[in-house]
Amino acid sequence: MATKNIIFDLGGVLLNLDIPKTVHAFEQLGAPEFSTLFGLGRAESFLKAYEVGFINDDQFVTDLQQLTGGKSQQEVIGAWNAMLLDFPKERIQLLGELRKKYDIYLFSNTNAIHLASFHKTFSDAYGTSLDNEFSKAWYSHLIKLRKPDVESFEYIIADGGLNAAETVFIDDALVNVEGARKAGLQGIHLEPGKTILDINWDLG
């Protein structure tokens, strides 16, 4: 069946990430255990709760402050956002080319603090909203579901009115791609060292 829709992950796919920068920042703030709480395709404890909107910004920041022995809100938010880098121009240009042939979507495991940060980064660089690049964007903390849970993919398929068999999902975390495939989507794993520019976009 011909592909009509493409769903992109955000971090590590469209937005450059450097997770070790945040781990290092928290280590510098006195939280060496942070690396055990957060990683690619995995989040534990209050980090996971924040990604699905079960705790609010104030509670999350308080939890980060407790991890660091009481560092300031500004310090822990800065450390939390340290992993968020840039949106390379060639990737955004590719989205524009793909929109000529496909409906494109975004599905990200994220949170309110990161959302505000990367939306500002995109707006500052391109003068428009990131969400304008997509037919629809889903963020885990807003829909209260996260990858790789199959129900999260089932939700976006239903909410977007998508035919799963006509839809490709792209993510740099294999566990998320596996979740998408279980929901009936076609899955492309963006392997380490590769970018979306390396994908053969003749999807049929």
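Q: In what sense do β1 and β6 pair, and over how many bridges?
A: In this predicted model, β1 and β6 pair in the parallel sense over 4 bridges. Two strands count as paired if DSSP finds at least two bridges between them. Strands are DSSP runs of E with at least two residues, helices are runs of H or I with at least four, and both are numbered from the N terminus.

Q: Which residue in β6 stands opposite isoleucine 7?
A: Phenylalanine 169 stands opposite isoleucine 7. Asparagine 5 is likewise opposite threonine 167 in β6.

Q: And where is the partner of isoleucine 7 in β4?
A: The bridge partner of isoleucine 7 in β4 is tyrosine 105. Isoleucine 6 has isoleucine 104 as its bridge partner in β4. Strands β1 (residues 5-8) and β4 (residues 103-108) run parallel and are joined by 4 bridges.

Q: What about β6 and β7, how many bridges there?
A: β6 and β7 pair over 4 bridges, in the parallel sense. Within this pairing, valine 168 stands opposite glutamine 186 in β7.

Q: So in what order do the strands of the open sheet come?
A: The order is β5-β4-β1-β6-β7, with 5 strands and parallel pairing. The edge strands, β5 (136-139) and β7 (186-189), each pair on one side only.

Q: Different topic: how many residues of β6 are buried?
A: Strand β6 (residues 167-171) is mostly covered, with 5 of its 5 residues buried. Buried means under 20% relative accessible area, exposed means over 50%, and partly exposed lies in between, with a 1.4 Å probe and protein chains only.

Q: Which residues of β6 lie on each side?
A: Thr167, Phe169 and Asp171 are on one side, and Val168 and Ile170 are on the other. Both faces of β6 are covered.

Q: Why do they swap sides like that?
A: In a regular strand, the side chains alternate between the two faces of the sheet.

Q: Back to β1, which residues point which way?
A: Asn5 and Ile7 point one way from β1, while Ile6 and Phe8 point the other way. All of these residues are buried.

Q: How should I read the numbering and the values?
A: Residues are numbered from 1 along each chain as its sequence is written. The model is predicted, with local features needing pLDDT of at least 70, side-chain atom pairs counting only at pLDDT 80 or more, and totals for chains, interfaces and linings using all residues, while side-chain values use heavy atoms and leave out hydrogens and water.
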